[in-house]
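Subject: The structure for you to look at

Hello,

Here is the structure I promised to pass on to you. Please open it beside this email and follow along as you read.

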Amino acid sequence: MEKGYIQVYTGKGKGKTTASIGLSVRAAGAGFKVLIAQFMKQGDYSEIKALERFSDLITVRQFGAGGWVKGKPSDKEKARAREGYNLVKEALSTGSHDVVVIEEGNLAVKYGLITLEEMLGLMEMKPDGTELIITGRYAADEVMARADLVSQIEPVKHYFADQGVKARVGIEK
């Protein structure tokens, strides 16, 4: 890839992770090497199973501690996030991947798992030939200002909130 950009998918609507995974599959289809670092997530989601089919081009690593951060992060949550931050930093500094996805990166900043300065530093170190995608609610103004593309995904109608439908395997999880 000659020129890579920084994309941010944020907002309270459904589809941020789905968009980043769709982009990752498209990139793999073009022969690009992809790293998806999932902050705050840990578990056997359907998308993880599907992406295993592309394991020669797409690497998925999870850095959650088994649940969503509630309040002040635990030492375990901070340690897992630090592992994720270090992996992303290495991937960007070496240019080892054509596409790097920091999944739930905005939430990792909001909850203090990584600092805003660290996120901005990752954005700054992105090589020219690498596409960087940062997902998650609550993107900081500074992150959005530095990005080349920002998609604000807002709910209009959602059966989860409106009808109490739980997340379904293969659709939401």
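How much space lies in the largest cavity? About 50 Å³. Before I go on, please keep in mind that this is a predicted model, and that the values below are computed from it.

**The cavity**

A good way to start is with empty space. Rolling a probe the size of a water molecule over the atoms shows where such space is left. In this structure, one cavity reaches 30 Å³ or more. Its lining is made of 10 residues, and Met 40, Phe 63, Gly 64, Ala 65 and Glu 77 are the ones that lie nearest the centre. Sorted by class, the lining of this largest cavity has six nonpolar, two polar and two charged residues.

**The pocket**

Next, have a look at the largest pocket, which has a volume of about 1100 Å³. The residues that line the pocket number 31, and Lys 14, Trp 68, Glu 104, Arg 137 and Glu 172 lie nearest its centre. By class, the lining of the largest pocket is made up of 12 nonpolar, eight polar and 11 charged residues.

Which helices each supply at least two residues of this lining? They are helix H1 (16-29), helix H2 (46-51) and helix H7 (159-163). H1 gives the largest share, with four residues.

**The chain as a whole**

Now step back and view the whole chain. You should be able to find seven helices and six strands. If you trace the protein chain along its sequence, the pattern reads β-α-β-α-β-α-β-α-α-β-α-β-α. The radius of gyration is 15 Å, close to the 16 Å that the globule rule gives for 173 residues, so the chain is as compact as a globular protein of that length.

Along its principal axes, the C-alpha trace spans about 45 × 35 × 30 Å. Of the 173 residues, 43% count as buried. The accessible surface comes to about 9200 Å², and carbon and sulfur atoms account for 50% of that. Contacts also tell you how the chain folds back on itself: among those between residues at least 6 apart in sequence, 75% join residues at least 24 apart.

**Two residues with a positive phi**

Here is something to check in the backbone. Most residues other than glycine have a negative phi. Glu 104, though not a glycine, has a positive phi of about 65°. You have met Glu 104 already, as one of the residues nearest the centre of the largest pocket. Look for Glu 104 in the loop between strand E4 (99-103) and helix H4 (105-110). Is Glu 104 buried or exposed? Its relative accessibility is 8%, so Glu 104 counts as buried, the cut-off being under 20%.

Tyr 138 also has a positive phi, near 65°, and is a residue other than glycine. Tyr 138 sits in the loop between strand E5 (131-135) and helix H6 (141-146). With a relative accessibility of 39%, Tyr 138 counts as partly exposed.

**Inside and outside**

Helix H5 (residues 116-125) is a nice one to look at. Leu 116, Glu 118, Met 119, Leu 120, Leu 122 and Met 123 are buried in H5. What do these buried residues pack against? They pack against strand E1 (6-10), helix H3 (75-94), E4, H4, E5 and H6.

Glu 124 lies in helix H5 too, but at 56% relative accessibility Glu 124 counts as exposed. The C-alpha atoms of Glu 124 and Gly 43 are separated by 30 Å, and the two residues are 81 residues apart along the chain.

For a buried residue in another helix, go to Ser 20 in H1. Ser 20 has a relative accessible area of 1% and is buried. Leaving aside neighbours within four places in sequence, Ser 20 is in contact with Tyr 9, Val 101, Glu 103, Ile 133 and Thr 135.

Finally, find Lys 157 in the loop between strand E6 (149-152) and H7. Lys 157 counts as exposed, at 72% relative accessibility. Lys 157 and Gln 42 are 115 residues apart in sequence, and 28 Å apart in space from C-alpha to C-alpha.

Enjoy exploring, and write back with any questions.

Best wishes

Methods
Residues are numbered from 1 along each chain as its sequence is written. This is a predicted model: local features need pLDDT of at least 70, side-chain atom pairs count only at pLDDT 80 or more; totals for chains, interfaces and linings use all residues. Side-chain values use heavy atoms; hydrogens and water are left out. On a 1 Å grid over the protein atoms alone, a cavity is a set of points where a 1.4 Å probe fits but cannot get out, and a pocket is an open set with protein on both sides within 12 Å along at least five of seven lines; lining residues have an atom within 4 Å of a point. Grid points are joined across faces, edges and corners, and a volume is the space filled by probe spheres set on the points. Ala, Val, Leu, Ile, Met, Phe, Trp, Tyr, Cys and Pro count as nonpolar, Asp, Glu, Lys and Arg as charged, and the others, Gly among them, as polar. The radius of gyration is taken over C-alpha atoms; the globule rule is 2.2 Å times the number of residues to the power 0.38. Buried means under 20% relative accessible area, exposed over 50%, partly exposed in between (1.4 Å probe, protein chains only). Contact means heavy atoms within 4.5 Å. Accessible areas come from the Shrake-Rupley method with a 1.4 Å probe; for residues, only the protein chains shown count as cover.
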